[in-house]
Amino acid sequence: MKKLFFLVVLFLIGFNSFAQKKKSSVKVKPLTVFAKVDNLIVEIKNGTFQITINENDIAKDAIEVKKADPKFAPTDCKLTPFKANGTQLYLLTWTESTQTKTDLKTEDAAIIYSNIYELTSKKLVLSNKHVSNHIVEKVFLDKLKNASETQERKRSEGLEFKLNPDGSIIQKTKTQENKLVYDVAKMQYVISKKK
């Protein structure tokens, strides 16, 4: 009888130690605030990617950057204040990544957006989009598709963007370079006249 009791106790101890414990579920709230500077917050609010202008920690106004679908996930988001010809401007940059994949081809695209805003009038002063594609493709060397090789290439679309310390902007490609300066009267960037 003692042996039976001992076996039952041993069984219950062993069964209890191997039973799975219920894991607590913690819901992670998705990140909706991407950058903060001065009294400005870059965030997704009510399906809109926007710059919220706060006053005493209360949202006073907002500048809509773009509509944001549920899959919208910008990276490297920065809001940079700077002065151009005495005017306070803000540069908002972010990157969106996409991947297109088939059996023979994979294309990774990084789209870098650079928008400059003048907050007093809530005006978009300049917008720039630069796309960098990295393509890996399997190419067949004969018609019967017996031999193949993997080819890798990079492609760039749009203008690369650079903000200078004086508030001027350089936009360039492999063959062209533009210098833009801020015109206070027109409230926009114009091409600098070369001397």
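A contact here means heavy atoms within 4.5 Å. With that in hand, 36% of the contacts in the protein between residues at least 6 apart in sequence join residues at least 24 apart. Please keep in mind that this is a predicted model.

Let's start with the overall fold. The protein has one helix and 13 strands, and the order from the N terminus on is α-β-β-β-β-β-β-β-β-β-β-β-β-β. Of the 195 residues in the protein, 31% are buried. The accessible surface of the protein is about 14600 Å², and carbon and sulfur atoms hold 55% of that surface.

Next comes the largest pocket, whose volume is about 170 Å³. Its lining consists of His130, Lys154, Arg155, Ser156, Gly158, Glu160, Lys172, Thr173 and Lys174. Strand 9 (residues 148–158) supplies the largest share of this lining, four residues. By class, the lining of the largest pocket has five charged residues, four polar ones and no nonpolar ones.

Two backbone angles may also catch your eye. Aspartate 76 has a positive phi although this residue is not glycine, and lysine 145 likewise has a positive phi without being glycine.

| Residue | Phi | Place | Relative accessibility |
|---|---|---|---|
| Aspartate 76 | near 50° | strand 5 (residues 75–84) | 56% |
| Lysine 145 | near 60° | loop between strand 8 (123–140) and strand 9 | 53% |

Are these residues buried or exposed? Exposed means over 50% relative accessible area. Aspartate 76 counts as exposed because its relative accessibility is 56%, and lysine 145 counts as exposed because its relative accessibility is 53%.

Terms used:
Residues are numbered from 1 along each chain as its sequence is written. This is a predicted model: local features need pLDDT of at least 70, side-chain atom pairs count only at pLDDT 80 or more; totals for chains, interfaces and linings use all residues. Side-chain values use heavy atoms; hydrogens and water are left out. On a 1 Å grid over the protein atoms alone, a cavity is a set of points where a 1.4 Å probe fits but cannot get out, and a pocket is an open set with protein on both sides within 12 Å along at least five of seven lines; lining residues have an atom within 4 Å of a point. Grid points are joined across faces, edges and corners, and a volume is the space filled by probe spheres set on the points. Helices (H or I, at least four residues) and strands (E, at least two) are DSSP runs, numbered from the N terminus. Ala, Val, Leu, Ile, Met, Phe, Trp, Tyr, Cys and Pro count as nonpolar, Asp, Glu, Lys and Arg as charged, and the others, Gly among them, as polar. Buried means under 20% relative accessible area, exposed over 50%, partly exposed in between (1.4 Å probe, protein chains only). Accessible areas come from the Shrake-Rupley method with a 1.4 Å probe; for residues, only the protein chains shown count as cover.
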